[in-house]
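Visitor: I have a model open on my screen and would like to learn how to read it. Could you walk me through it, one feature at a time?
Guide: Gladly; let us look at it together.

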Amino acid sequence: MARKPLIAGNWKMNETIGEAVVLAQEISNEMEPDWLDDVDVAVCPPFTDLKPVYTVFEFDKLGVGVGAQNVYWEPSGAYTGEISVPMIREIGCSYCIVGHSERRQYFGETNEDVNKKVCALLSDRTQPIDPIVCVGESLAVREEGSYIGFVDDQVRAAFAGVDAEAAKSAVVAYEPVWAIGTGRTATPEQAQEVCGAIRETLAVLFGQVAAASIRVLYGGSMNEGNAELLLAQPDIDGGLIGGASLKARSFVQIVKAAL
Ligand code: PGA
């Protein structure tokens, strides 16, 4: 079954509001209106930039979406410093990255936290926010050879208690930690091997039909030079782009490679 590719930019902790508006406008200017028929495009800026960036894309009417990089699972309350699903929904987010390896590594996010966030995002579909669930192994796990099992465990944990119908709205991003921000991309074969295994896990959890409709992205030093070969793999349905998403031209070249 044909899955519409998704190219999502993860801006991480970059861009002040002024810088973000300029970058969003540059991205918008580089895009052709009919591309969005064939590829979904979104950027995930810091919380402070979400509304201004959303407003730029809304004005330009191209259909570029906006996503958050994180969210908390409780809807409101005494959780100083956190941001809830209703808050990012009202801003206009259509995606939310969950369980990025930097959050797992630097902020102690566990598989259980990731699961609670996925469930919070998928529980209210009135104005859907699709989770982009990040999984991926460290270099040590890769070299030891147990990376398929490691990623399988992360996927199972992230989706615990989620039913097949809800899971169809989720996106999984395979981001090997050793490839993030290092310039050392996984080869298309390495990326396909794990993305294919992720789809098999999804099929075990949710059935073939649901698994065939869930988008699996690759992320980790994807750029305009390597995107085409990665995106040509049968189980890679798009990319989660860090560094290269901060340059409008590079990001849009990756979007083009997904057409
Ligand atoms: P990178 O980051 O493209 O800079 O490697 C990807 C990510 O962390 O999502």
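Visitor: How many Å separate an oxygen atom of the ligand from an N or O atom in the side chain of H100?
Guide: Keep in mind that this is a predicted model. A polar contact is a pair of N or O atoms within 3.5 Å. Here an N or O atom in the H100 side chain lies 2.7 Å from a ligand oxygen.

Visitor: Which polar atom of K12 lies 2.7 Å from an oxygen atom of the ligand, side-chain or backbone?
Guide: For K12 it is a side-chain atom. With G243, by contrast, a polar backbone atom is the partner, 2.8 Å from an oxygen atom of the ligand. The protein buries 95% of the 280 Å² that the ligand exposes when taken alone.

Visitor: How many residues surround the ligand, and which are the closest?
Guide: There are 13 residues around the ligand, and the closest are K12, H100, E175, G181 and S221. By character, the shell is made up of four nonpolar, seven polar and two charged residues. As for the site itself, the ligand takes up the space of the second largest pocket.

Visitor: Let us turn to the backbone. What is special about phi of K12?
Guide: The general idea is that most residues other than glycine have a negative phi. In K12, phi is positive, near 55°, and K12 is not a glycine. K12 sits in the loop between β1 (6–10) and α1. E15 belongs to the loop between β1 and α1 as well, and E15 also has a positive phi, about 85°, without being a glycine.

Visitor: Why does E15 count as partly exposed?
Guide: Partly exposed covers relative accessible areas between the 20% and 50% cut-offs. E15 has a relative accessible area of 22%, so E15 is partly exposed.

Visitor: And N10, is N10 buried or exposed?
Guide: N10 is buried because its relative accessible area is 4%, and buried means under 20%. You will find N10 in strand β1.

Visitor: What does the side chain of N10 reach?
Guide: The N10 side chain reaches the backbone nitrogen of K12 at 3.0 Å. The side chains of N10 and H100 are also joined, by a polar contact of 3.5 Å. This brings us back to the ligand: K12 and H100 are among the residues closest to it.

Visitor: Can we try a residue elsewhere? Where does D235 lie?
Guide: D235 is in the loop between α11 (227–231) and β8 (238–241). D235 counts as buried because its relative accessibility is 15%. Its side chain makes a polar contact of 2.6 Å with the side chain of R199.

Visitor: How should I compare distance in sequence with distance in space? How far apart are E32 and L62?
Guide: Read the two separations side by side. E32 and L62 are 30 residues apart in sequence, and their C-alpha atoms are 8.1 Å apart in space. E32 is located in the loop between α1 (17–30) and β2 (40–44), and at 41% relative accessible area E32 is partly exposed.

Visitor: One last pair, then: how far apart are G136 and L36?
Guide: G136 and L36 are 100 residues apart in sequence and 28 Å apart in space, C-alpha to C-alpha. G136 belongs to the loop between β5 (130–135) and α6 (139–144). With a relative accessibility of 8%, G136 counts as buried.

Notes. Residues numbered from 1 in each chain as written. Predicted model: local features only at pLDDT ≥ 70, side-chain atom pairs only at ≥ 80, totals over all residues. Heavy atoms only, no water. Helix = DSSP H or I, 4+ residues; strand = E, 2+ residues; numbered from the N terminus. Buried < 20%, exposed > 50% of the residue type's maximum accessible area, 1.4 Å probe, protein only. Near = heavy atom within 4 Å. Polar contact = N/O pair within 3.5 Å; in protein donor to acceptor, adjacent residues only side chain to side chain. Areas by Shrake-Rupley, 256 points an atom, 1.4 Å probe, with all protein chains shown as cover. 1 Å grid on protein atoms, 1.4 Å probe; cavity = no way out; pocket = protein on both sides within 12 Å on 5 of 7 lines; lining within 4 Å. Sits in = over half its atoms within 2 Å of the grid points. Nonpolar A, V, L, I, M, F, W, Y, C, P; charged D, E, K, R; others polar.
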